[in-house]
Amino acid sequence: NTIDDLLLPNSDDYDVVSRHNIMIALGLVCLGNGFVDEAHNLITPLSWKDETHFGGPTLLSSSTAVDDSVVSMASYAHALLHRKEGFSRGEFGMIGYQNANF
């Protein structure tokens with residue numbers, strides 16, 4: 001199975017908000033198991049307004065409506081993963097703690 005299989009892409013039982021919440025939940029599961037990069041890849045599109053080379057296209061574009069509760073939770077999870085990075089240097093040359101201001 002792939003992450004896409006877990007996100008239930010072909011299921012009519014889940015609306016967009018549920019799919020986004022599943023992405024956040026999977027990201028937090030990855031984070032809790034030490035897969036910080038994988039968590040970052042899942043959470044960034046829901047919490048960052050620009051496309052990234054690691055997370056792909058943003059889901060926060062003007063043509064996409066993302067529920068405010070999803071953006072809030074994704075931003076919180078994004079800050080958590082940068083706190084987990086601690087003093088390691090990440091994107092933009094910032095250490096994790098500096099990059100946790102969401």
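Biologist: Which residues touch the most other members of the largest nonpolar core?

Modeller: In this predicted model, they are I24, L46 and L81, and the core holds 16 residues. Helices α2 (16-32), α3 (36-47) and α4 (68-85) each put at least two residues into this core. The largest share, six residues, is from α2.

Biologist: What does L81 touch, leaving aside its neighbours within four places in sequence?

Modeller: L31, V36, A39, H40 and I43 are the contacts of L81 on that count.

Biologist: Okay, step back a bit. How many helices and strands does the chain have?

Modeller: Four helices and zero strands. Reading from the N terminus, you get α-α-α-α.

Biologist: And how much of the chain is buried?

Modeller: Of its 102 residues, 37% count as buried. The cut-off for that word is under 20% relative accessible area.

Biologist: What share of the contacts with a separation of 6 or more comes from residues 24 or more positions apart?

Modeller: That share is 38% in this chain.

Biologist: Now the helix pairs. Why is α2 called roughly antiparallel to α3?

Modeller: Look at the angle: the axes of α2 and α3 cross at roughly 155 degrees, coming within 8 Å. Angles over 145 count as roughly antiparallel, so α2 is roughly antiparallel to α3. The crossing of this pair is left-handed.

Biologist: Which residues meet there, α2 against α3?

Modeller: From α2 you have H20, M23, I24, L26, G27, L28, C30 and L31; from α3, V36, E38, A39, L42, I43 and L46. By class, that contact of α2 with α3 has eleven nonpolar, two polar and one charged residues.

Biologist: How do you know that α3 is roughly antiparallel to α4?

Modeller: Try the cut-off again. The angle between α3 and α4 is about 150 degrees, and their axes are 9 Å apart. Over 145 counts as roughly antiparallel, so that is the label for α3 and α4. Their crossing is left-handed. On the α3 side, the contact is made by V36, A39, H40, I43, T44, L46 and S47. On the α4 side, V70, V71, A74, S75, A77, H78, L81, H82, K84 and E85 make the contact. The residues of this contact of α3 with α4 divide into nine nonpolar, six polar and two charged.

Biologist: T44 turned up in that list. What makes T44 count as buried?

Modeller: Its relative accessibility is 2%. Buried means under 20%, so T44 counts as buried. T44 lies in helix α3. Leaving aside its neighbours within four places in sequence, T44 is in contact with T52, F54 and H78.

Biologist: And D50, why is D50 called partly exposed?

Modeller: D50 has a relative accessible area of 38%. Buried needs under 20% and exposed needs over 50%, with partly exposed in between, so D50 is partly exposed.

Biologist: Where is D50 found?

Modeller: In the loop between α3 and α4.

Biologist: What separates the C-alpha atoms of D50 and L60?

Modeller: They are separated by 8.0 Å, with the two residues ten apart along the chain.

Notes: Residues numbered from 1 in each chain as written. Predicted model: local features only at pLDDT ≥ 70, side-chain atom pairs only at ≥ 80, totals over all residues. Heavy atoms only, no water. Core = buried A, V, L, I, M, F, W, Y, C linked by side-chain atoms within 4.5 Å. Buried < 20%, exposed > 50% of the residue type's maximum accessible area, 1.4 Å probe, protein only. Contact = heavy atoms within 4.5 Å. Axes fitted to C-alpha atoms, helices over the stretch in contact; angles between N-to-C directions. Parallel < 35°, antiparallel > 145°, perpendicular 65-115°, else oblique. Left-handed = near helix turned anticlockwise from the far one by under 90°. Nonpolar A, V, L, I, M, F, W, Y, C, P; charged D, E, K, R; others polar.
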